[in-house]
Amino acid sequence: MLGAVNKANDFLWNVLLILILCGTGIFFTIRLRFIQVRKFGEAFRHVFGNFSMKGKKGEKGEMTPFQSVVTAIAAQVGTGNLAGAATALVGGGPGAIFWMWLSAFFGMATIYAEASLAQQYKAVKDGEVTGGPIYYIRAAFKGRFGKILAGIFAVLIILALGFMGNMVQSNSIGAAFSEVFEARNIHIPPVAIGLILAVIAAFIFIGGTSRLASVVEKLVPAMAGIYIVGSLVLIGMNITQLPAAVKAIFVGAFSPRAVLGAGVGITVREAVRYGVARGLFSNEAGMGSTPHAHARASAKNPHEQGLAAMISVFIDTFIILNLTVFAILTSGVLGNGKEGIALTQSAFTGAFGSFGDIFVSVCLLFFAFSTILGWHFFGEINARYLLGKKGARIYSLLVVVFIIVGSTLKVDLVWALADFFNGLMVIPNALALLALSGTVAVICRKYSSARKS
């Protein structure tokens with residue numbers, strides 16, 4: 001079964017989704033007149049002008065724009081930022097990073113559309129503000145078809161993120177810490193780590209949106225700050241290699257063999273495939289996950305939240321993920337036979353000695369746990385849509401169980417299935433985005449003009 005799922009994922013992530021997601025990003029970039037460039041300064045000021053770590057509580061479960069952005073980042077910045085960049089480098093060479101940047105650039109326009117539509121069509125349910133693709137899918141496609149398409153999306157995101165996705169996140173944390181402990185002759189079973197994660201997660205789940213927002217607005221800046229400082233120190237230690245690393249990215253994007261040698265066998269096709277696929281998987285633009293957070297924001301208008309959403313993609317790809325890239329490239333560990341998280345660990349171990357694997361494990365703990373919180377939240381909105389308030393409670397309980405079970409198992413098939421369902425949920429989301437592209441353009445023009453006047 002694993003082989004069949006992997007083949008389906010190869011087609012989804014290496015062909016179909018690259019065309020859908022990149023095509024959607026290019027379409028919105030042109031239709032919105034390069035909004036990610038024109039409005040970047042305004043977007044940055046809007047997000048960080050609302051910076052706060054005081055756990056401000058909005059009306060009806062709403063978040064501040066800053067809280068909504070860090071909740072989105074909590075889901076985006078996960079193990080992919082430590083392992084995904086390394087996988088792209090191994091599979092597509094340094095040139096893959098150029099294509100990763102390009103896909104993220106277009107993705108900023110896509111996520112503007114997602115967030116502005118999430119705000120435009122948000123609703124109040126059970127006394128709380130809610131929203132996301134299920135609501136704008138039904139606005140795009142009226143009647144039975146829209147209802148079925150929204151239901152399919154809801155089921156897919158619950159399976160992909162809430163259950164299987166969170167299972168593999170806890171597995172990543174358990175595996176990373178078990179390796180650190182084993183290297184020091186300390187035996188702590190992974191299930192113990194899973195139980196600790198489950199208890200902390202359950203405490204946050206019970207507190208609802210306000211507790212989630214309060215936690216992530218503290219956790220995300222902290223985890224980003226720790227990783228940024230550590231990565232910059234590593235890159236600074238190898239600063240003389242930075243120009244060569246930048247050159248390798250740009251040359252390798254169009255001529256991988258000029259960087260890696262003809263014997264490696266990586267072509268431009270591999271560079272594009274790995275760069276685009278891993279970039280889109282990391283920043284989630286167009287996948288329909290982060291609009292759930294942006295719908296909850298107490299924004300003045302949909303346009304402002306769309307601008308705020310663009311910053312989450314920028315931080316995920318152009319800051320956090322790039323730090324991993326340059327940590328690996330300037331360390332000279334690419335090509336040492338390791339891949340994924342092991343390649344990232346080898347870069348930090350080479351610089352910091354035995355502390356390197358501890359540093360990466362701690363960062364992985366922060367990144368993966370924040371993703372668990374974000375993915376549970378996104379799945380809960382869809383569980384409540386399908387099953388009501390009681391059904392959402394059962395969903396949260398099941399997520400806690402999956403966190404414990406995931407820490408103990410080898411989950412190759414589960415991760416492959418998570419990728420598969422994650423890919424499928426892009427399709428109804430992208431269809432709705434394109435169907436409502438006129439609405440997105442009107443929102444952009446209307447509120448941009450209002451600001452000027």
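Which residues make a nonpolar surface patch of about 320 Å²? The patch is made by L397, V401, V405 and L409. The model is a predicted one, and the description below follows its surface, its helices and its salt bridges in turn. Of the patch residues, V405 is found in helix α17, which covers residues 355-406. V405 has a relative accessible area of 31%, so it is partly exposed; residues need over 30% to enter a patch.

A second patch carries charge. R31, R33, R38 and R445 together form a positive surface patch. R445 belongs to helix α19, which spans residues 437-452. R33, by contrast, sits in the loop between α1 (2-31) and α2 (35-38). With a relative accessible area of 52%, R33 is exposed.

The backbone of that loop deserves a look. Phi of R33 is near 55 degrees, a positive value in a residue other than glycine. F34 also has its place in the loop between α1 and α2, and its phi is likewise near 55 degrees, again positive in a residue that is not glycine. F34 has 41% relative accessibility and therefore counts as partly exposed.

Helix α4 offers a view of the interior. This helix runs over residues 65-76 and has 12 residues. From its first C-alpha to its last it reaches 16 Å, close to the 16 Å expected at 1.5 Å a residue. How many of the residues of α4 are buried? The count is 12 of 12, and the helix is mostly covered. Among the buried residues are nonpolar ones such as F66, V69, V70 and I73, and also Q67, S68, T71 and Q76.

A contact between distant stretches of sequence involves I315 and V77. These two residues are 238 residues apart in sequence, but their C-alpha atoms are 8.8 Å apart in space. I315 is found in helix α15, residues 302-331. The relative accessible area of I315 is 15%, so this residue is buried.

The structure holds 3 salt bridges. Side chains of opposite charge can pair when their charged atoms come close. In one of the bridges, the side chains of K39 and E42 meet at 3.5 Å, N to O. Both partners are shielded: K39 is buried at a relative accessible area of 9%, and E42 counts as buried at 13%.

Another bridge joins R296 and E128, whose closest N and O atoms are 3.4 Å apart. This pair links distant parts of the chain, with R296 in the loop between α14 (291-295) and α15, and E128 in strand β2 (residues 128-130), 168 residues apart. The two partners are covered to unlike degrees. R296 has a relative accessible area of 5% and is therefore buried, whereas E128, with 25%, is partly exposed.

The remaining bridge is formed by R384 and E380, with the closest N and O atoms 3.9 Å apart. Both residues lie in helix α17, 4 residues apart, about one turn of the helix. An α-helix has 3.6 residues a turn, so residues three or four places apart point the same way. Are R384 and E380 buried or exposed? R384 counts as buried at 16% relative accessibility, and E380 is buried with a relative accessible area of 17%. Helix α17 thus holds this buried pair as well as the partly exposed V405 of the nonpolar patch.

Methods:
Residues numbered from 1 in each chain as written. Predicted model: local features only at pLDDT ≥ 70, side-chain atom pairs only at ≥ 80, totals over all residues. Heavy atoms only, no water. Patch = residues over 30% accessible without salt bridge, like charges linked within 9 Å, V, L, I, M, F, W, Y side chains within 5 Å. Areas by Shrake-Rupley, 256 points an atom, 1.4 Å probe, with all protein chains shown as cover. Salt bridge = Lys/Arg side-chain N within 4 Å of Asp/Glu carboxyl O. Lys, Arg positive; Asp, Glu negative; His and termini not counted. Charge placed at Lys NZ, Arg CZ, Asp CG, Glu CD. Helix = DSSP H or I, 4+ residues; strand = E, 2+ residues; numbered from the N terminus. Expected span 1.5 Å × (residues − 1). Buried < 20%, exposed > 50% of the residue type's maximum accessible area, 1.4 Å probe, protein only.
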